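This briefing goes through one protein model by topic. Please have the sequence and the coordinates at hand.

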Amino acid sequence: MICIDEDALRCDLAETYHIFDYQSLPVSLVATFSCGLREDSRIKLKMSESKITTDTILLATILDKLSWLTWTKTKGAEKGINKPKSVLNALLGERENEQDIISFSTPEEYETVRERIKNGI
């Protein structure tokens, strides 16, 4: 844990156990305290390479499903338009639709598309 992010571990130990100088304690005691940290602690999130907690993932999933169920009762759903965007995908940094991504090879291409958007074409 120390090798991954010592500052995160130090903050977690201070927040959870009020240990401000972990180096003055025996290694086995620090290891025990470190393993006892909650799953959403800074160091454990960093070790699992997760940006958000399991609780947040579950809540975002519930919100997405509720939004989808509500949307299915609208006129937009009958036409297949205005589908709600996923909050979970946004939190995880995933893109909804690759069609939303536009790339340009030259500055002139960018300026052309920009003018079309500005003029509503």
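The points below cover helix α4, a nonpolar patch, the cysteines, two positive phi angles and two pairs of residues.

The model is predicted: local features need pLDDT of at least 70, side-chain atom pairs count only at pLDDT 80 or more, and totals for chains, interfaces and linings use all residues. Residues are numbered from 1 along each chain as its sequence is written, and side-chain values use heavy atoms, with hydrogens and water left out.

**Helix α4**

- Helices here are DSSP runs (H or I, at least four residues), numbered from the N terminus.
- The end C-alpha atoms of α4 are 26 Å apart, which agrees with the 26 Å that its 18 residues should span at 1.5 Å a residue; the expected span is 1.5 Å times one less than the number of residues.
- Ala60, Asp64 and Trp71 of α4 are buried, where buried means under 20% relative accessible area, exposed over 50%, and partly exposed in between (1.4 Å probe, protein chains only).
- These buried residues lie on the same side of α4, because they cover an arc of only 40° around the axis; the arc is that of the directions from the helix axis to the C-beta atoms.
- The other side of α4 has exposed residues: Thr54, Asp55, Leu58, Leu59, Ile62, Lys65 and Leu66.

**Nonpolar patch**

- Leu63, Val87, Leu91 and Leu92 make a nonpolar surface patch of about 270 Å².
- A patch is made of residues with over 30% relative accessible area and no salt bridge; nonpolar side chains (Val, Leu, Ile, Met, Phe, Trp, Tyr) are joined within 5 Å, and like charges within 9 Å.
- A salt bridge is a side-chain nitrogen of Lys or Arg within 4 Å of a carboxyl oxygen of Asp or Glu.
- Accessible areas come from the Shrake-Rupley method with a 1.4 Å probe, and for residues only the protein chains shown count as cover.
- The most is given to the patch by α6, with three residues.
- Leu63 is in helix α4 and is partly exposed, at 39% relative accessibility.

**Cysteines**

- The count of disulfides is zero, a disulfide being a pair of cysteine sulfur atoms within 2.5 Å.
- For the sulfur of Cys3, the closest cysteine sulfur is in Cys35, 14 Å away and therefore too far for a bond.
- Cys11 is in no disulfide either, and its nearest cysteine sulfur, that of Cys3, is 17 Å away.
- Cys3 is exposed at 82% relative accessibility, and Cys11 is partly exposed with a relative accessible area of 39%.

**Positive phi angles in loops**

- Glu49 is a residue other than glycine with a positive phi, near 55°.
- The loop that holds Glu49 runs between α3 (42-47) and α4 (54-71), and Glu49 is exposed with a relative accessible area of 75%.
- Asn82 is not a glycine, yet its phi is positive, about 60°.
- Asn82 is placed in the loop between α5 (75-79) and α6 (87-92) and counts as exposed at 66% relative accessibility.

**Pairs separated in sequence**

- Thr56 and Leu88 are 32 residues apart along the chain, and their C-alpha atoms are separated by 8.7 Å.
- Thr56 is in helix α4 and is partly exposed at 30% relative accessibility.
- Leu37 and Glu15 are 22 residues apart in sequence and 10 Å apart in space, C-alpha to C-alpha.
- Leu37 is in the loop between α2 (27-35) and α3 and is buried, at 3% relative accessibility.
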